[in-house]
Amino acid sequence: MTKPIHVTSEIGKLKVVMLKRPGVEVENFTPDMMPRLLFDDIPYLPVAQKEHDAFADTLRDNGVEVLYLEKLAAEALDAGGDQVKDAFLEQMLAESGYAAGVLHNVLKEYLNSMSTQDMVIKIMGGVRKNELDFVPRDLVSAAEEEDYPFFMDPMPNLYFTRDPAASIGDGLSINHMTFTARRRESLFMEEIIKYHPRFANQGVQVWRDRNHDTRIEGGDELVLSDTVLAIGVSQRTSANAIEDIARNLFKNKSGYEKIIAIRIPHNHAMMHLDTVFTMINKDQFTVHPGILGEGGHIDTWTITQGKDGELNLDHRTDLKQVLKDALHLDDLDLIPTGAGDPIVSAREQWNDGSNTLAIAPGVVVTYNRNYVSNRVLREHGLKVLEVLSSELSRGRGGPRCMSMPLVREDL
Ligand SMILES: NC(=[NH2+])NCCC[C@H](N)C(=O)O
């Protein structure tokens, strides 16, 4: 039987992917909540869903099996049984601020009154105060939170399935994420890996779980080959988390021997490495020119196993040469987002022009709105499958962010 998780590159033919269809969570908030929820606008849900369905169809038309997070999560909890479902609910409530107390009890009863699937969808979508016939009488609720509409916040970023967990080889990292708005997301993946029949007891390795204080997100984790990873040192991923996962990968016979840490600017537009840099073919990458300094330089540290559990670091700034050496290539094509024009590249990067999803070597899925970057990709010989992007792009993520590959063919 094929392994439930097997990803040894960014570009091997994509066989199985996990998506999340945008649900009520992407519009169940007010404009003043947007910065905290990491959104720049509120998508128009019916259109966002249409666009997302078209994205999923594009993948299916190309032979990819599409799984949905919300369905896997409910199936996992049902397969786990009553105790597992109860423990999940306790954990979710605790992480939502209700470890115990009256509100904990009221919310638990409310969520427990639903089918497992409805409960999962409700937790994802958020619980408004006016859904419950209950007025809390404590001082915090009365004096500080009276006007706040939610007991449990929605999780609008769930459609970016790339980030809460990342497939690496025959395993994955389940991530402790940076901002409160996204922290609870990775709990779904933990349940899926532990209890869903497709994954449980199948030898899936968890290289690093979510019970950590240091931060890492899947948008920073790029699988360049069966031995080399690139990981962004970014707004979302800290250097100490990279050292930690490096130690685990080296120690646990993952096959990974080399991790290239790449430092990128720490800001919202470029929150992850994959917003500025993606692999699209054996010797081709997209790169946002805005991250490269003078002479095309950028800080990279290649991490390898040292003596006695120490890590060796090799600091270099010539990204092209670093990649050529690590991947044993004679030449490498770094394709600039927006053809390198300062206005176009910044605009198209904002709408994820660098955030391509490769579904086979040299075949990529991209947003149609980034027409300059798409033209350049075609000029460089790539096959570009464009998908609609008016509403989906409002969440600041593209086709790579919206997909978590579970199985790819080896190169
Ligand atoms: N892999 C990615 N680039 N994901 C994009 C995530 C966007 C999301 N709004 C966030 O800020 O977290």
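This is a short group-meeting talk on one small sheet and one buried aspartate.

Okay, before anything else: what we have here is a predicted model. Let's begin with the sheet. It's an open one with three strands, and the order across it is β11-β12-β15, with mixed pairing. Now, β11, which is 277-281, and β15, which is 333-336, sit at the edges; each has a single partner strand, so one side of each has no neighbour in the sheet. Going from one strand to the next, the twist averages 30°.

As a quick reminder, strands in a sheet pair through backbone hydrogen bonds, and that can be parallel or antiparallel. For β11 and β12, residues 284-287, it's antiparallel, with four bridges joining them. If you want one to click on, take Asn-281: its bridge partner in β12 is Gln-284.

Then there's a helix on this sheet. That's α11, residues 319-327, and it packs so that it touches β11, β12 and β15. Its direction makes about 45° with that of β11.

Right, now go back along the chain to Asp-274. You'll find it in the loop between β10, that's 258-263, and β11. So, is Asp-274 buried or exposed? The cut-off for buried is under 20% relative accessible area, and Asp-274 comes out at 0%, so it counts as buried.

And what is Asp-274 in contact with, leaving aside its neighbours within four places in sequence? The list is Arg-162, Gly-219, Leu-222, Ser-354, Asn-355, Arg-400 and Cys-401. Take Gly-219 from that list: Asp-274 and Gly-219 are 55 residues apart in sequence, yet 5.4 Å apart in space, C-alpha to C-alpha.

That's it from me.

Methods:
Residues numbered from 1 in each chain as written. Predicted model: local features only at pLDDT ≥ 70, side-chain atom pairs only at ≥ 80, totals over all residues. Heavy atoms only, no water. Pairing = 2+ DSSP bridges. Helix = DSSP H or I, 4+ residues; strand = E, 2+ residues; numbered from the N terminus. Axes fitted to C-alpha atoms, helices over the stretch in contact; angles between N-to-C directions. Contact = heavy atoms within 4.5 Å. Buried < 20%, exposed > 50% of the residue type's maximum accessible area, 1.4 Å probe, protein only.
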